[in-house]
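Got your viewer open and your selection box ready? Let's walk through a few spots, one selection at a time.

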Amino acid sequence: MKIFSSEKCNFEEIGSEIKKGKIVAFPTDTVYGLGAHIQDEQAITRIFKVKDRPLDSPIIVLIDDIKRVEEHAYIENPLVWDLMSAFWPGALTLILPEKSHINILITANGDSLGLRIPDNDIARELIKNCGGALATPSANKSGQLSPTRAEHVIKQFEENEIDFIIDGGKTKKSIESTILDMTYNPPLIVRNGGITKEAIEEIIGSVNELQEKKKSKNSFSKEIKIIDKKEFSNLPKNSILLSFGEVKDLNIKKVEILSKNLDYNEAIENLYDSLYRLLDEDSPILYVEKLDENGLGKTIMERIKKIVK
């Protein structure tokens, strides 16, 4: 794999290579994505293979400009325009009825397509030079954490599995996008992420939420346990802990604090970085503080529950 810093990246050259079938890992505003040209079935198939991703799991398409939406999907619900105006570019993926030219691998043989404009200049410049759209799941192996840094991508993939990596530093939002299915009435949140349900409802009114969310295939060597803060004092000395806020007089091996100021936005930004560091520790159990499941607290807990065996 060739690794480029964003400052020294020739986007036109990489875009040309993507059009020839290469795949690229790159930063977005949420997490690093793994992109293939949307009309190259071989490259898309390769993404499924290197990620060990099941073929029944559809792929989001990232676009560079709002004018691309109607090239790939139908806008049947006028509320879509309100959402795009409020949250794009940004961490909201909208599921819309697909147009017939979309490859069935991208939609998992379905009839709808997830679209998003990332709030990241590197991503949009790359996408523009690839023709305006990239099929882009997160740049991680299935069952592993989504990457918020280029080194997280490098750690998970073999040298020949990815052609290019663009290193743009740590991603800004550092959590996956919220996925909102606009083919339902009322719209349905399929995945909580960087945009809260409350923020969406301020724009378009009441939305429903998928209650039984899909769990990941956990590939971690550690057991992950969610505990109440009152249980911290009972932890053994060799414990590792992910805590929401600062903890005092706790004599254990390692603590990662998501936010000293108890700020959920800061906690979201630190979540995956902290988890990567703790999962590297030589300890059989990772303890995670249980949070109230409201707003971004709910998003954090869903991410943790997703990787608990």
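One thing before clicking: this is a predicted model.

**Stop 1: α1 and α6**

Start with two helices that pack against each other with a right-handed crossing, α1 and α6. To see the side chains that touch, show F11, E12, I14, G15, S16 and K19 on α1, then add I122, E125, L126 and N129 on α6. It's a mixed bunch: the contact of α1 with α6 has four nonpolar, three polar and three charged residues.

For the helices themselves, select residues 11-19 for α1 and 121-129 for α6. Their axes lie 8 Å apart and the packing angle is about 55°. An angle between 35 and 65 degrees falls in the oblique range, so α1 and α6 count as oblique to each other.

**Stop 2: α4 and α8**

Next, select 79-87 for helix α4 and 197-204 for helix α8. Here the axes come within 9 Å, and they cross at roughly 125°. α4 and α8 are therefore oblique to each other, and α4 passes α8 in a right-handed crossing.

Which residues make the contact? On α4, pick L79, D82, L83, A86 and F87; on α8, pick A199, I200, I203 and I204. Colour the contact of α4 with α8 by class and you get eight nonpolar residues, no polar ones and one charged.

**Stop 3: α9 and α10**

Now move to α9, residues 264-279, and helix α10, residues 295-307. Their axes come within 9 Å and cross at roughly 15°. That makes α9 and α10 roughly parallel to each other, because the cut-off for that label is under 35 degrees. The crossing of α9 and α10 is left-handed.

For the contact, α9 brings Y264, N265, A267, I268, L271, Y272 and L275, while α10 brings L296, G297, T299, I300, R303 and I304. How does the contact of α9 with α10 divide by class? It has nine nonpolar, three polar and one charged residues.

**Stop 4: the cavity**

Keep I300 of α10 selected, since I300 turns up again in the lining of the largest cavity. How many cavities of 30 Å³ or more does the structure hold? Just one, and the space in the largest cavity comes to about 30 Å³.

To outline the largest cavity, add L242, S243, F244, L258, V288, E289 and L291 to I300. Two strands are worth showing as cartoon here: β13 (240-243) and β15 (285-289) each supply at least two residues of this lining. The lining of the largest cavity divides into six nonpolar residues, one polar and one charged.

**Stop 5: a pocket**

Last stop: the second largest pocket, with a volume of about 210 Å³. Select K141, Q144, L145, K155, Q156, F220, S221, K222, Y276, L279 and D280 to light up its lining.

Which helices each supply at least two residues of that lining? They are α7 (150-156) and α9 (264-279), so leave α9 on display from Stop 3. By class, the lining of the second largest pocket has four nonpolar, three polar and four charged residues. Among the charged ones to click are K141, K155, K222 and D280.

Conventions
Residues numbered from 1 in each chain as written. Predicted model: local features only at pLDDT ≥ 70, side-chain atom pairs only at ≥ 80, totals over all residues. Heavy atoms only, no water. 1 Å grid on protein atoms, 1.4 Å probe; cavity = no way out; pocket = protein on both sides within 12 Å on 5 of 7 lines; lining within 4 Å. Points joined across faces, edges and corners; volume = space filled by probe spheres on them. Helix = DSSP H or I, 4+ residues; strand = E, 2+ residues; numbered from the N terminus. Axes fitted to C-alpha atoms, helices over the stretch in contact; angles between N-to-C directions. Parallel < 35°, antiparallel > 145°, perpendicular 65-115°, else oblique. Left-handed = near helix turned anticlockwise from the far one by under 90°. Contact = heavy atoms within 4.5 Å.
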